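Me: I'd like a friendly walk through this protein, with a close look at one part of it. Here is what I have in front of me.

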Amino acid sequence: MRTAIYTRVSKSDGSQDPENQLRELLVFCERQGWEVVEVYTDLASGKRSDRASFKRMMTDASQSKFQTVLFWAMDRFSREGIEATLMYLRQLEGYKVGFRSYQEPFFDSAGPFKELMIAMFASFASLERAKISERTLAGLAKAKAQGRVGGRPRAEDDASKMATYRKLKTSGLSIRRIASRMGVSPTTIQKLVLVA
């Protein structure tokens, strides 16, 4: 069977390695006697719909370049939520391309509980994403309650920068030179011009 392998890790900074997934998936295909015709790898969050390799894989599936897609686990395939994940899997079915999760062998387009497993695992992936969002919002609320505000400090809130800017401005320096001396961007200096 002509097979495509899809691997994904969330971070592209080298702290996560898709090779760990790929190694085992290749061994699995060899044991099954499946021919690996393409490997698609994304270094991006599974909640993003614009993953380049994922989009290419779906395009290739529509052109019948392979018969099945093997991925490590549901959360490696997609974490966009139940509707989006089901849409992708149904698209694959429409293209007459099967799918199989290595870590969840019961999650198989040829398996008897396919629809139930699709809904269940897509839901779990979506719930995990919601929990991350809830934790982030809780952290922001805690910081706000403690008087901390997220983001960069506003340039005009820094009295010493304002004093330095005024001094350099009166000496006749250009905005670009002032920015260079103060170690900030010319855009920041433009903002100070409006405030001063």
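How many helices and how many strands does the protein have? And for the close look: which residues are buried in helix α7?

Reply: Happy to help, and I'll work from the whole protein to your helix and then on to some other spots. This is a predicted model, in which local features need pLDDT of at least 70 and side-chain atom pairs count only at pLDDT 80 or more, while totals for chains, interfaces and linings use all residues. Residues are numbered from 1 along each chain as its sequence is written, and side-chain values use heavy atoms, with hydrogens and water left out.

To your opening question: there are eight helices and four strands. Both are DSSP runs numbered from the N terminus: helices are H or I with at least four residues, strands are E with at least two. Starting at the N terminus, the order of elements is β-α-β-α-β-α-α-β-α-α-α-α. Of the 196 residues, 36% are buried; here buried means under 20% relative accessible area, exposed means over 50%, and partly exposed is in between (1.4 Å probe, protein chains only). The protein exposes about 11900 Å², and carbon and sulfur atoms supply 52% of that. Those areas come from the Shrake-Rupley method with a 1.4 Å probe, and for residues only the protein chains shown count as cover. Among contacts (heavy atoms within 4.5 Å) with a separation of 6 or more, 64% come from residues 24 or more positions apart.

Now to the helix you asked about. Helix α7 covers residues 175-182, and its buried residues are Ile 178, Ala 179 and Met 182. Looking down the axis of α7, these buried residues fall within an arc of 100°, so they line one face of the helix. That arc is taken over the directions from the helix axis to the C-beta atoms. The other side of α7 has exposed residues: Arg 176, Arg 177, Ser 180 and Arg 181. After α7 comes Gly 183, which has a positive phi near 75°.

That leads to backbone angles elsewhere. Most residues other than glycine have a negative phi, and most peptide bonds are trans. Ser 64 is not a glycine, yet its phi is positive, about 55°. Ser 64 belongs to the loop between α2 and β3 (68-71), and it is partly exposed at 43% relative accessible area. Lys 96, also a residue other than glycine, has a positive phi near 65°. Lys 96 sits in the loop between α4 and β4 (98-101) and is exposed, with 73% relative accessibility.

Next, the charged side chains. Side chains of opposite charge can pair when their charged atoms come close. For a salt bridge, a side-chain nitrogen of Lys or Arg must be within 4 Å of a carboxyl oxygen of Asp or Glu, and the count is six salt bridges. One of them pairs Arg 56 with Glu 38, their closest N and O atoms being 3.8 Å apart. Arg 56 is in helix α2 (residues 52-62) and Glu 38 is in strand β2 (residues 35-43), so this pair ties together parts that are 18 residues apart in sequence. Arg 56 is partly exposed at 37%, and Glu 38 is partly exposed at 30%.

Another salt bridge joins Asp 60 and Lys 65, at 3.5 Å from N to O. Asp 60 is buried at 9% relative accessibility, whereas Lys 65 is partly exposed at 43%. Arg 100 and Asp 108 also form a salt bridge, with 3.8 Å between the closest N and O atoms; Arg 100 is buried at 15%, and Asp 108 is buried at 17%.

A polar contact deserves a look too. Thr 85, in helix α4 (residues 82-94), is buried with a relative accessible area of 0%. Its side chain makes a polar contact of 3.2 Å with the side chain of Ser 78. Such a contact is a pair of N or O atoms within 3.5 Å; within protein, one must be able to donate a hydrogen and the other to accept it, and residues adjacent in sequence count only if both atoms are side-chain atoms.

Finally, the surface. Phe 106, Met 120, Phe 124 and Leu 127 make a nonpolar patch with about 360 Å² of accessible area together. Patch residues have over 30% relative accessible area and no salt bridge; nonpolar side chains (Val, Leu, Ile, Met, Phe, Trp, Tyr) are joined within 5 Å, like charges within 9 Å. Phe 106 is in the loop between β4 and α5 (114-145), and at 39% relative accessibility it is partly exposed.
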